[in-house]
Amino acid sequence: MPDSDSNPPPNPIYQEIVDALVAMHRLTDGYTPSHEDRTATLCVKIAEHLGLPRERIDVLHMAALVHDIGKASIPLALLNKPGRITDEEYALIKTHVQTGYDILSKIGFPFNLAEIVWCHHEYLDGSGYPRGVRAKSIPLESRILTVCDIVESISAERPYRKSLGMEAALDEIRRLSGTRLDPRVVEACLQVVAKDTAGDQSVAA
Ligand SMILES: [Fe+2]
Ligand SMILES: [Fe+2]
C-alpha cells in the first residue's frame with residue numbers, strides 16, 4: 001500500500017475554508033458551484049473504486065469543489081452564453097484555471113489541492129491548458145477530476161442548453177481514452193456509472 005496510507009486526514013479547517021470559498025462563489029454564480037459539487041461526488045466514487053487512500057480522496061473532493069473558482073472572474077453572460085463562442089471568448093474562459101490556481105495557492109494548503117486544480121484541463125498528450133504539460137506532470141487526482149468534469153459537463157443540463165445525456169458523455173471519454181485521458185480512470189468511471197445505473201434501476205424496479 002502507498003506510504004500516504006499512514007497520513008492523517010486533512011485538518012477540518014481546510015474543508016471550512018473551501019466551504020467559505022464555495023459560498024462566496026455561489027453569491028454571484030448559481031450554476032458553477034453546483035457543477036463543481038456534482039463533479040466532486042463522481043470524483044470520490046472513482047477514487048474509491050481505484051483504491052486511493054482516504055486522505056487523498058478527501059483532498060480530491062475539496063479540490064473538485066473549487067476547481068472552477070477562477071470562473072468568478074469571467075462575466076456570467078459569457079459563461080452562460082448559448083451557441084458558439086469566439087476564439088477571443090474561449091481564450092478568456094481558459095484563464096479560469098490560472099486564476100483559480102493563483103487564488104488557491106495563496107492559502108498554503110499542506111497538500112496539493114492548488115496543483116490538482118491547476119491541472120484539471122491538462123491532457124496526457126500535452127494538448128491541454130494552461131501549460132500544456134504531459135502525463136508525468138499531471139497528478140492522478142487531476143486525471144480523475146478531468147474525466148469527471150467532462151462527464152458532468154456533457155451529461156448535466158447547462159444554463160444555455162439541455163443535457164446531452166450520459167451515453168454521449170461516456171462515448172466522449174471512451175474516444176479520448178489513452179490519448180488525452182488516463183485509460184485506468186476512464187475504465188473506472190465507466191464501471192462506476194454502470195454500477196450507479198444498475199442501482200437506480202433496481203431501486204425503481
Ligand atoms: Fe474548468
Ligand atoms: Fe468544471
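Is Pro-9 buried or exposed? In this predicted model, Pro-9 is exposed, because its relative accessible area is 59%, a value that lies over the 50% cut-off for exposure. The residue has its place in the segment before helix 1, and, when residues up to four places away in sequence are not counted, Pro-9 touches Glu-55 and Asp-58. A further relation across the sequence is found with Val-59, which is 50 residues apart from Pro-9 along the chain, while the two C-alpha atoms are 8.9 Å apart in space.

The chain as a whole is built from nine helices and zero strands, so that the order of elements from the N terminus on reads α-α-α-α-α-α-α-α-α. The radius of gyration is 17 Å, close to the 17 Å that the globule rule gives for 205 residues, and the chain is therefore as compact as a globular protein of that length. Taken along the principal axes, the box filled by the C-alpha atoms is roughly 45 × 45 × 35 Å. Of contacts between residues at least 6 apart in sequence, 65% join residues that are at least 24 apart.

Buried residues account for 46% of the 205 residues in the chain. The area that the chain exposes is about 10,400 Å², of which carbon and sulfur atoms supply 55%. With regard to charge, the chain carries 22 positive and 29 negative charges, and the mean positions of these two sets are 5 Å apart.

The largest nonpolar core holds 52 residues, and the members that touch the most other members are Ile-46, Leu-104, Leu-113, Ile-144 and Ile-173. Two or more residues are given to this core by helix 1 (12-28), helix 2 (32-49), helix 3 (54-65), helix 5 (87-104), helix 6 (113-118), helix 7 (140-155), helix 8 (166-176) and helix 9 (183-204). Among these elements, helix 7 gives the most, with eight residues. For Leu-113, once neighbours within four places in sequence are left aside, the residues in contact are Val-18, Val-59, Met-62, Ala-63, Val-66 and Leu-104.

Several residues in the loops can be described in a similar way. Phe-111 lies in the loop between helix 5 and helix 6, and, leaving aside neighbours within four places in sequence, Phe-111 is in contact with Pro-10, Tyr-14, Val-59 and Met-62. Val-59 and Met-62 are also listed among the contacts of Leu-113. With respect to Arg-84, Phe-111 is 27 residues apart in sequence and 38 Å apart in space, C-alpha to C-alpha.

Ala-72 is found in the loop between helix 3 and helix 4 (76-79), and Ala-72 counts as exposed because its relative accessibility is 52%, which is over the 50% cut-off. Although Ala-72 and Thr-28 are 44 residues apart in sequence, their C-alpha atoms are 7.7 Å apart in space. In the loop between helix 6 and helix 7 lies Pro-130, and the peptide bond that joins Tyr-129 and Pro-130 is cis, with omega at about 10°.

Conventions:
Residues are numbered from 1 along each chain as its sequence is written. Chains are lettered from A and ligands numbered from 1 in the order in which they are written. This is a predicted model: local features need pLDDT of at least 70, side-chain atom pairs count only at pLDDT 80 or more; totals for chains, interfaces and linings use all residues. Side-chain values use heavy atoms; hydrogens and water are left out. Helices (H or I, at least four residues) and strands (E, at least two) are DSSP runs, numbered from the N terminus. The radius of gyration is taken over C-alpha atoms; the globule rule is 2.2 Å times the number of residues to the power 0.38. Buried means under 20% relative accessible area, exposed over 50%, partly exposed in between (1.4 Å probe, protein chains only). Contact means heavy atoms within 4.5 Å. Accessible areas come from the Shrake-Rupley method with a 1.4 Å probe; for residues, only the protein chains shown count as cover. Lys and Arg count as positive and Asp and Glu as negative; His and the chain ends are not counted. The place of a charge is taken as NZ of Lys, CZ of Arg, CG of Asp or CD of Glu. A nonpolar core is a set of buried Ala, Val, Leu, Ile, Met, Phe, Trp, Tyr and Cys residues joined through side-chain atoms within 4.5 Å.
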